[in-house]
Amino acid sequence: MTVKNAFKSAMSPTLINKAKTLRYDLDVLRYGLGFYRRFVRNAAFPSNNGQSQLEARLIFNAHSLEKGLSHLDFRPGFGKKAVLNLTEIMNRWQKNGYPNEAFGYVEALAVLKAYQQKHESLNKPLPDFFVSSTTLFAEQIAAADSSRAGARREATQLHIGGNGSYADVITSRCSIRDYSDEPVNIDAVKRAGELALKAPSVCNRQPARLHIITNTALIHELLQVQGGMLGYADPPVLLLVISKMSTMLNPTELHEAYIDGGVYSMALLGALEAEDLGACPLNTMFGRKQESKIRDLLQLPDDDALIMFIAVGHKLKVDSHPVSRRKSLNEVISVHS
Ligand SMILES: Cc1cc2nc3c(=O)[nH]c(=O)nc-3n(C[C@H](O)[C@H](O)[C@H](O)COP(=O)(O)O)c2cc1C
């Protein structure tokens with residue numbers, strides 16, 4: 001018998017578990033610290049001029065303009081902060097000699113052109129901040145393809161229903177932020193929540209839980225804190241997916257609750273689409289104050305990791321939504337043969 005094993009057999013199971021827990025505590029600290037360092041090194045923080053980081057900032061600001069362009073109640077001259085951010089990053093992009101063909105840069109030019117064209121089509125003057133900040137890029141914007149960014153106004157695809165293929169559901173789903181007055185049948189939301197339980201989870205531990213909120217005052221209060229739907233009317237139903245940290249066994253599972261919660265959420269978005277409901281995932285990227293307000297409003301226990309809200313309602317007959325173009329397969333795939 002090794003010294004270690006002899007030592008172990010002399011200890012009571014309670015003591016062994018206490019020792020293990022202490023080691024796990026320290027491991028979480030080590031993994032957490034390693035993760036923190038890697039995140040800080042790589043995230044698209046403001047002074048990081050890496051190509052991937054600048055591209056993330058271009059896409060973020062371009063998307064913000066796309067949302068403004070898609071509003072049914074369009075507000076000419078909107079988006080000062082996003083336009084100035086976008087052009088400031090485009091300047092940095094050029095200084096670093098990054099390629100003009102990169103997805104994020106093409107998106108930036110396309111959304112600026114869409115912004116120009118939307119104002120022209122309404123006979124509205126371009127705001128001064130737009131004209132002055134885009135002068136350097138005027139030629140590139142003129143040559144851009146505005147159809148790949150901005151807003152898409154189209155007849156809503158209805159009645160995919162339970163007979164649609166997986167590809168039908170995935171292709172027709174997009175984030176819907178404006179809803180009709182038709183009341184939502186909660187049974188349909190529950191059916192979607194149940195179908196989404198088919199989502200896989202680590203060792204089948206199923207950490208995701210679904211909150212269905214129909215109280216209009218509570219929805220309003222939650223969305224005021226969440227902040228990602230400001231400028232849109234409140235949805236008739238708001239969902240919150242949380243994930244139970246209490247289902248996680250050891251330090252290597254530090255992020256697993258979030259992964260399983262995300263997997264459940266995507267299954268849920270597909271299932272809502274199959275029910276012909278419009279839905280928009282909404283982030284839970286909160287600072288401490290915001291998070292504690294949300295936790296208080298819903299009386300969530302410490303155990304619950306916030307995954308995402310999902311706004312739900314019936315689709316309008318004609319919807320206007322951001323194009324949200326996707327990268328090509330070549331840009332995301334690596335084959336290891
Ligand atoms: C986790 C997550 C959080 C999101 N948060 C918001 C949000 O707060 N506000 C919003 O309008 N859209 C939000 N979205 C929707 C994205 O903007 C949208 O999914 C993306 O642009 C792709 O467009 P599509 O969903 O229409 O295909 C979120 C999406 C995800 C997956």
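User: Before we start, where do the domain bounds come from?
Analyst: This is a predicted model, so a few ground rules help: local features need pLDDT of at least 70, side-chain atom pairs count only at pLDDT 80 or more, and totals for chains, interfaces and linings use all residues. Residues are numbered from 1 along each chain as its sequence is written. As for the bounds, they come from an automatic or database domain assignment.

User: How far apart are the centres of domain 2 and domain 3?
Analyst: Domain 2 covers 51-154 and domain 3 covers 156-321. Taken over C-alpha atoms, their centres are separated by 29 Å.

User: Which strand gives the most to the side of domain 2 that touches domain 3?
Analyst: Residues count as in contact if their C-beta atoms, placed from the backbone, lie within 7 Å. Domain 2 puts in seven residues and domain 3 six residues. With four residues, the top giver on the domain 2 side is a strand (E, at least two residues, a DSSP run numbered from the N terminus), namely β1 (residues 151-155).

User: How do helix α10 and helix α12 run relative to each other?
Analyst: Helices here are DSSP runs of H or I, at least four residues. The axes, lines fitted to C-alpha atoms over the stretch in contact, come within 10 Å for α10 (residues 216-226) and α12 (residues 288-298). They cross at roughly 165 degrees, on a scale from 0 to 180 degrees between N-to-C directions. Angles over 145 count as roughly antiparallel, so that is what α10 is to α12: roughly antiparallel.

User: Which residues of α12 make the contact with α10?
Analyst: From α10 come L218, E221, L222 and V225. On α12, the partners are Q290, K293, I294 and L297.

How values were computed: Two residues are in contact if their C-beta atoms, placed from the backbone, lie within 7 Å. Angles under 35 degrees count as roughly parallel, over 145 as roughly antiparallel, 65 to 115 as roughly perpendicular and the rest as oblique.
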